[in-house]
Amino acid sequence: MAPTLSTLELDILRKLVNGEAVTLSSQLRLRLEMAGVLRDGARGIVVTDAGKRLARQKPADVAVGSPARDPQAARDARGRRKPFQRRSVF
């Protein structure tokens, strides 16, 4: 089973393969280690062969569109959101 990594994790993995400095939280380091893409030892972080293969893969194309607008937001004459217009969730 191939590990499913988020785009952030893949970006971090690519930076590690390229030798760039990256700060990793212990939770993220453990997740990447459990996925089998890196090894954390006495010499530091080492990217495994599987991690290098994942880092070399072409990133998925992201569809670029217009940002989602909130049609329900009340706006004034200048187009600014009116204060205190948030709906209650209850």
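## Glu9 and its surroundings

Glu9 touches four residues beyond its close sequence neighbours: Thr4, Leu28, Arg31 and Leu32. This excludes residues up to four places away in sequence. The model is a predicted one.

Glu9 sits in helix 1, which spans residues 7-18. Its relative accessibility is 5%, so Glu9 counts as buried. The cut-off for that class is under 20%. The side chain of Glu9 also has a polar partner: one of its polar atoms lies 2.9 Å from the backbone nitrogen of Ser6.

## Overall layout

The chain has three helices and two strands. From the N terminus, the order is α-α-β-β-α. Helix 2 covers 26-35, strand 2 covers 44-47, and helix 3 covers residues 49-56.

The chain holds 90 residues, and 20% of them are buried. Take the contacts with a separation of 6 or more: 38% of these join residues 24 or more positions apart.

## Helix 1 against helix 3

How do helix 1 and helix 3 lie relative to each other? Their axes come within 9 Å and cross at roughly 110 degrees. That angle falls in the range of 65 to 115 degrees, so the two helices are roughly perpendicular. On the helix 1 side, the contact is made by Leu10, Leu13, Arg14 and Val17. Helix 3 contributes Gly51, Lys52, Leu54 and Ala55. By class, the residues of this contact are five nonpolar, one polar and two charged.

Two residue pairs show how this part of the chain brings distant positions together in space. Lys52 and Val17 are 35 residues apart in sequence, yet their C-alpha atoms are 6.6 Å apart. Lys15 and Ala55 are 40 residues apart along the chain, with 8.6 Å between their C-alpha atoms.

## The nonpolar core

The largest nonpolar core has 13 residues. Those with the most contacts inside it are Leu5, Leu13, Leu16, Leu32, Val37 and Leu54. Helix 1, helix 2 and helix 3 each supply at least two residues of this core. Helix 1 gives the most, with four. In soluble globular proteins, nonpolar side chains tend to be buried together.

Some of these names recur elsewhere. Leu13 and Leu54 also take part in the contact of helix 1 with helix 3. Leu32 is one of the residues that Glu9 touches.

## Two lysines

Are Lys15 and Lys52 buried or exposed? Lys15, in helix 1, has 39% relative accessibility and so counts as partly exposed. Lys52, in helix 3, is at 31% and therefore also counts as partly exposed.

Their contacts can be listed briefly, leaving out residues up to four places away in sequence. Lys15 touches Glu20 and Val22. Lys52 touches Val17 and Val47. Val17 belongs to helix 1's side of the contact with helix 3.

## Thr48 before helix 3

Where is Thr48? It is found in the loop between strand 2 and helix 3. Its relative accessible area is 18%, so Thr48 is buried. The limit is 20%.

Setting aside neighbours within four places in sequence, Thr48 is in contact with Gly36, Val37, Leu38 and Arg39. Among these, Val37 is one of the core residues with the most contacts.

Conventions: Residues numbered from 1 in each chain as written. Predicted model: local features only at pLDDT ≥ 70, side-chain atom pairs only at ≥ 80, totals over all residues. Heavy atoms only, no water. Buried < 20%, exposed > 50% of the residue type's maximum accessible area, 1.4 Å probe, protein only. Polar contact = N/O pair within 3.5 Å; in protein donor to acceptor, adjacent residues only side chain to side chain. Contact = heavy atoms within 4.5 Å. Axes fitted to C-alpha atoms, helices over the stretch in contact; angles between N-to-C directions. Parallel < 35°, antiparallel > 145°, perpendicular 65-115°, else oblique. Nonpolar A, V, L, I, M, F, W, Y, C, P; charged D, E, K, R; others polar. Core = buried A, V, L, I, M, F, W, Y, C linked by side-chain atoms within 4.5 Å.
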